[in-house]
Amino acid sequence: MNHLLELEGVSKRFGGVQAVDSVDFWADPGEIVGVIGPNGAGKTTLFNIVTGFYAPDAGKIHFDGHNLVGLKPNQITRVGVSRTFQAVRLFGAMTVLENAMVGQHTRTKAGVYGALLNTPRTVREEQKVHASAIDSLAFFGDRLTPRINSLASELAYADRRRLEIARAMATEPQLLLLDEPAAGMNPSEKEGLIELIGRLRDVKGYAIVLIEHDMPVIKGVSDRVVALDYGKKIADGTYDEVAANQQVIEAYLGKAGSEEQE
Amino acid sequence: MTAPAPAPTPTEQSSRRLRFERIPMRRIILIVLSLSIIYGVVAGSTATLRTGVFTAEDWQSLIINGLARGSVYALIAIGYTLVYGILFMINFAHGEVFMSGVYTAYFVAVAFAGNGFLNSNPLIAIAILLLVSMAVSVFVAVILERLAYRPLRGAPRLVPLITAIGASFFLQYTFRGLYGANVRAYPNIEILQGKWTIFGIQMLKTQAIVIVAAMLLWVLLYLFVARTKTGRSMRAVGEDREIASLMGINVDRTIVATFAIGGALAGAAGILYVFLFNQVIFTMGFLPGIKAFTAAVLGGIGSITGAALGGLLLGILEAVGPNLFLTGANVPSPNQLQPVIAFGILVLVLIFLPGGFVGASEEKRA
Amino acid sequence: MNPTAALKPGLIGGTVVIYLAAIGMVERFQDRNVITGVVGLGVVLILLTIAIAAYTAARKGRTPMPTGALVGLVAGGMVALITLGFEGLINAGVDVRGMFVSITPGLLETLEFGLNPALGAIVMALAGGTTGLVAGGLVGLKDEHLRSSIVFAVSMTLLISLGEPILRVTLGNLGIPTNWLYELGGLTIAGTIITLLAGFGLRWWLMGRKEKRQEIAAHMPEDTRRTWGRASLIAAILALIALPWVVGPFVSDVLGTVGLYVLLGLGLNIVVGYAGLLDLGYVAFFAVGAYAAAIFTSPASFLVTEEGETFAAAGFTNIWFAFPFVVIIAVVIGAMIGAPVLRLRGDYLAIVTLGFGEIIRTLVLSDWLAPFLGGAQGLTRIPAAPPESFDLRNPQHIYYVILAFCFVAAYISYRLADSRVGRAWAAMREDEDVAEAMGISVVRYKLLAFAMGAGVGSLGGVFFAAKIGSIFPNSFGLQVSINVLAVIILGGIGSIPGVIVGAAALVGLPELLREFGEFRLLIYGAILIAIMIFRPEGLLPNKRRQRELHEGAGSAPVELPEGASPA
Amino acid sequence: MRNKTSLGKLVLLLVVFSLIVAACGSDSSDTTTAGGSDTTTAGGSGDASAVCDADPFGCVEVGSGEAITIGTLLVISGPNASLGQDSQNGVVMAADHLDGTFDGVNGELLGHPIAFNHQDDGCSAEGGQAGAQALAADPSTVGVIGTSCSSAALGVADTILSDKGIAIISPSNTGPALTTPEEHQPFYLRTAHNDKLQGAAVAKFAYNELGARTAATIHDGSPYADGLQAVFAETFVSLGGTITKQEAIQVQETDFTSVLTSIGADSPDVLYFPIFAAEGGLITQQARQTDGLADTNLIGSDGMLSADYVAAAGEAVEGVYLSGPDLSAFTGDQDFYEGEFKTAYQELWGGEPAAAFHAHSYDAANMLFDAIKAVAIDEGGTLYIPRTALKDALFATSGVQGITGTLNCNDLGDCQSTATIAVYQVVGGNYDTANPVYSEVASLDG
């Protein structure tokens, strides 16, 4: 129970497929955990279970003293878990700034009356939301700040990834789940990403769990690596330990070699 | 090596709050609601059956009647479902496509009745009527696609919906202008009069014919979509239009074909409809259109099987529901409340099967 | 000149004329004079079609003056010829009246300009040719001022003539004599010439001023501009306040109806525009509002006691007392309807809400609830609300009430759009899952949208009941839901000014054509299609949506429920 | 400089164009007159300005050569359009017949042409309101024939027009409420007969003539049908009969099997369904196929007294009873309605009447014309029609022969206060308006 996030024996089945099979998993404050595994290994399903999109068939999930099982995604965000998505999912018709401001939702209270009467509290809160959003965006240097009034759908691909992370940061999480943040990035962008993830942990103090196919990125940032295959955890340790694990090698090599190209 | 975590949230307090929020209020409300509806239905039905107002023959004939009208809904619903499956738009004007064919065929029927052809060669006459009705409906459906919907490909989904609503009015009042505002009665076709006894159940000849014809058309369509090249193209375009076009499928032609098939079925449904109800008026498409749309959703929109099941179920519900559920509860004029029952059941079904009967249950995916 | 350029527009134009004739529009519209004693609306319809065909033909080749006129002549002539061919067919004794009821002797008479067939044909050919010549020639005119002024003059004259029912009454109301302008429903010949000249002059003058104005505006200091802006806002509000007394009771009544639709549109806009929930049964809340108001106030209500006392005992003597309660009831019902179905997406939600609309209509119509809701006989004698000097049955009075509530609803919409709540809705509309991952309780915000939409919609119902004084179930059909949805989409979804423009266009304009009731919905449908094709973002779109639409054009527009493919 | 030439061009264009168009002399508007004109002189007396000043609502002034504007407020759109169109046809034919012939050209009234302002009542309260406001706003509106549907009139059109002092005569409102002391508006009249007469007459016919002891009713949710069936049921019970069921259907539906099965379970002697052609036709057909209704007499009312209904019901229509005005009771020229009128109707409108209300609207329009003749004051070609006097003249109508019977307006606006209600039977695929199977003089007072 000392871990920030702790999963015990979590399982999830879809029809005939055991997507996640009795997985134990944990992450500590300030730790960066990489999750690897071939496609279909159950990585994203695991994220979806933690964030409440799927209810686990079995198992326990605890986070910061809360039992997450049975909570809705928005409640889980409130207790401090935030995430990004494998395929970037921004609010395309909203501006960059508004995307980040939405992230502040759980940290604010204003309702209909506040908005209608424009009470001092609402005004203060809006100012705070604005400032906090600007702050999150500023974390990415001059990538997003100059474009705060562009529509999210108008951004370049890598900037969309960045905005998604900024939006997740705006929820003021303790734990950040990143789903393939490096997908579609070029090598120099990946470099930047590795640096960024480190900085997220160092400056913001998040625990970070990331799913990634890109081994250099995993190697570059992870304190610990967990490997999944067919929904089962097959390895857990430092990058070097996991990379040397026979089962992991089989899982990757035994499958299509195409995995590595991603 | 880690920076201190942000100030810890007052875990205790928020845990308590979360525990309260964890109670699935919505689900409880839903279950209570559903149970009370189900109780009402069961209690009403039992009370009705206990009064014995209706005989077993009554119920039989009501069910046959429901199957017959349901068959017509099913055929129209297929038009909705096909277009939805490929363009993801609700073709609100489909009811008018249905009306256009059968209304036009009316004039042919009158001419045939006038010279006696209708009753001297009824089968040929009916075949011609069917052809005329289907041809006109196909024509209207294709024109509609070309002029009103094609320019809107790729627009947000509300835009084609509004266009379709506009087209619905436009077509209705075009035909009012062309053919007049009066209700008109189809001439009698003598061989369709009377009853048959099938498996010991008495039914009107028309009902039997409608049910069988609709089933036949459904099977034909199913085979068409499953087996032919056009059918496969339709499915491919429905899956992903861009990829389909990369695979060398002519998307425009496939979409036109979809509208044409929907129109043809609507045209055929029109003739079956006048077998049962024998009159035409320019507004006749609207209500069957809405009902067929409901049926398509009930069955799972996008699915041909769903459209058929939804149509039949809706037909039976309409025919049997008010008498069965409400008579025993002493509700005055139960049949006036038919829409309440039909839509009430729709809501109930969708609450538990959000994708309709055949639609794959919608697992949430992030 | 490419002679084939005229072919397609000519053919299309001819088809359109035959269509207009066959659905009876030409004959019926001929009953309305455009220029009394000279030309009726039916003939104008034909000439207009010819002009448009010729214009399009000439436009296609950007043809210069002499050839442009020639192309126009060919196109116009073709339309006329096709019309004549059609006419000839009927004259030849092909009696199709058994099928096409509108092809009548009266139609022929119109097409023959009331002359004999031969003479009529000559006139038709001449008129068609001339109109085509003129319209085609216009394209070729190099002088933009001149061209635009001519087009403007003709359009304005036509509009003034068409606006006769409203304009004559309005001018009469202001004490301005109209005898010189109008006669028997159309313009007088003198009036026509004056209008044409005035329109031409006005446009000419305006175009000269426009450049100058732009120059001035560009150099205007910020302060002055703001003052100007504020001044024009105040002027607009003053104009809105003065309006009913300027235009008189009939137009005020139309304005009141438009206002009701603005109110309903603003309410539905919260549901569809902000929260992205496609609601096809919005009439349900309109009905709840109207019926609740009637039950509280009408002496025909079941709440009336044996002694004939109304519910007044509890303080509800009138609509003013009743309406807050009505809104609360509607909000509760909105939440109750919303709760079970909020998980449904897209079209599933659409059909379910449509179903709720039908359920409510059926219930208010039903014999079952007739003791409470009046059934087929409706609820009548809804009393006028005090003060007596401000009788809400007077269209000039209720206009203000509706206007005030429109302002309130617009303010609410405006404030919410840019607030935490508005952002939550926007996020939810864009991507429900992600919104939830951002900590937004989708259920709560959907319910909130539903409830607010219900509240505003019920307000519409309350003032509908107050305005009409009697309510019947058939006022609450699907048509209302469709109208309101069309209003907000036509205006530009999510846009507050768009709602106003949409309501004016869809609810106000058809009132001009009241006498042609049988064609109202035809024209309504045609307008809907045309606007959606040529301006899918709506007439006055929300800027951001417009940006998005043009950005995203061509990409797949929808997310769908799984399994939504043909089985 | 350029201005001048351009203006010149425009003027040239204009002149050419208007010459061409004017040369054609096209005009087929309502208002042109040919044919003979009414030679009767205006019946009003006294000094126009004094009379008009004395009238609380003033006068309508119709200048020399100007048209007398008659409003209509009938349902001409939507599913009930054929009903309103039929009534509108009746009004237009009355104007046509002012010159004594049906020739498609309006006659003249006191030397003035007739102009119509046709409005749509939409068969709804809001439609009635908008249309009534439009008519009320036009100061030249002399009187209004309308509305088609009671819901457009009750508390809506009747009130709006009465507030303006404009007489409104309905050819087809039959709802009893409109002429109750509580609801009646001072300028409202009707030539349609109150449901109280018709519903009761049908009940008496069923009980006394058909010997029915049990009856069921169906209405379609319209105030008209609901009102009729309620009066029928009440009377039938008071005569000693039993009502087995009172059912209702939804308009535009087509399958009524379940309603009929439910009614058939009691096998009533009579099924009364005073609805309209489309649904009425289907009910007739489907009732014949329902076992429990094999020996049941089917009765409809004037909403179905039309060729449309007979056609819609097909062969099943044989033997159905339909109630309505007793058109055989017309004491004037017996052949006028059956002969001249109906022939002209077919010729002018290209088909059989869709309802029975054209007769009522024809009478209503003639009533209005007569009243105008009686009160208008002619001063040098300009007509002054005092509004209150016009209304009083309308209410004073008595003993006038219309094609629907004798018109006697009572104080509450019922001009069929004593009406002859007939029941016709469809025999050989048609009903014969000259030979009702039952006829009863019913009076609201008695």
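This passage describes the contacts between chains, the two domains of chain A and the confidence of chain B in a predicted model.

Among the 5 pairs of chains that touch, the pair formed by chains B and C has the most contacts. Chain B brings 70 residues to this contact and chain C brings 67 residues, and the area buried between the two chains is about 6300 Å², with carbon and sulfur atoms giving 73% of it. On the side of chain B, the residues that lose the most area to chain C are Arg26(B), Ile162(B) and Phe169(B), which together account for 10% of what that side buries. No salt bridge is counted between chain B and chain C, the total being 0 salt bridges, whereas 5 residue pairs in polar contact, both at pLDDT 80 or more, are found across the interface of these chains. Helix H7 of chain B, which spans residues 158–179, provides the largest share of the side of chain B that touches chain C, namely 16 residues. When the residues of this side of chain B are sorted by class, 43 are nonpolar, 18 are polar and 9 are charged.

Chain B is also in contact with chain D, through 32 residues of chain B and 38 residues of chain D. About 2800 Å² is buried between chain D and chain B, and 48% of this area lies on carbon and sulfur atoms. Of the area that chain D buries against chain B, 18% is supplied by Glu253(D), Asp255(D) and Ser258(D), more than by any other three residues. Across the interface of chain D and chain B there are 3 salt bridges, including one in which the side chains of Glu253(D) and Lys291(B) meet at 2.6 Å, N to O. The count of residue pairs in polar contact between chain D and chain B, with both residues at pLDDT 80 or more, is 13. Two or more residues of the side of chain D that touches chain B come from each of helix H3 (81–96), strand S9 (242–248), helix H8 (257–264), helix H9 (277–288) and helix H10 (307–313) of chain D. H9(D) makes the largest contribution to this side, with 6 residues, and the side of chain D that touches chain B comprises, by class, 13 nonpolar, 18 polar and 7 charged residues. Chain A and chain D, by contrast, are joined by no contact, and their closest C-alpha atoms lie 33 Å apart.

Within chain A, the domain assignment gives domain 1, made of residues 5–80 + 173–261, and domain 2, made of residues 91–155. The contact between them takes 9 residues from domain 1 of chain A and 5 residues from domain 2 of chain A, while the centres of the two domains, taken over C-alpha atoms, are separated by 29 Å. Together, domain 1 and domain 2 of chain A bury about 580 Å² between them, 62% of which is on carbon and sulfur atoms. The count between these domains is 1 salt bridge, and the side chains of Asp135(A) and Lys204(A) meet in a salt bridge at 3.9 Å, N to O. Across the interface of the two domains of chain A, 3 residue pairs are in polar contact, both residues being at pLDDT 80 or more. On the side of domain 1 of chain A that touches domain 2 of chain A, helix H2 (73–79) and helix H7 (187–204) of chain A each supply at least two residues. H7(A) gives the most to this side of domain 1, with 5 residues, and the residues of the side divide into 3 nonpolar, 3 polar and 3 charged.

The confidence of the prediction was examined for chain B, whose mean pLDDT is 83, with 91% of its residues reaching 70 or more. Among the elements of chain B, the lowest mean pLDDT, 59, belongs to helix H1 (residues 11–22), and the highest, 90, to helix H6 (residues 122–149). The pLDDT is below 50 over residues 1–10 of chain B, a stretch that has 14 contacts in the model beyond near neighbours in sequence. Over residues 360–366 of chain B the pLDDT likewise stays under 50, and the model has 24 contacts beyond four places in sequence for these residues. Where pLDDT is low, the predicted coordinates should not be read in detail.

Technical notes. Residues are numbered from 1 along each chain as its sequence is written. Chains are lettered from A and ligands numbered from 1 in the order in which they are written. Side-chain values use heavy atoms; hydrogens and water are left out. Domain bounds come from an automatic or database domain assignment. Contact means heavy atoms within 4.5 Å. Buried area is the accessible area (1.4 Å probe) that two parts lose on being put together, summed over both. A salt bridge is a side-chain nitrogen of Lys or Arg within 4 Å of a carboxyl oxygen of Asp or Glu. A polar contact is a pair of N or O atoms within 3.5 Å; within protein, one must be able to donate a hydrogen and the other to accept it, and residues adjacent in sequence count only if both atoms are side-chain atoms. Helices (H or I, at least four residues) and strands (E, at least two) are DSSP runs, numbered from the N terminus. Ala, Val, Leu, Ile, Met, Phe, Trp, Tyr, Cys and Pro count as nonpolar, Asp, Glu, Lys and Arg as charged, and the others, Gly among them, as polar. pLDDT is the predictor's confidence in each residue, from 0 to 100.
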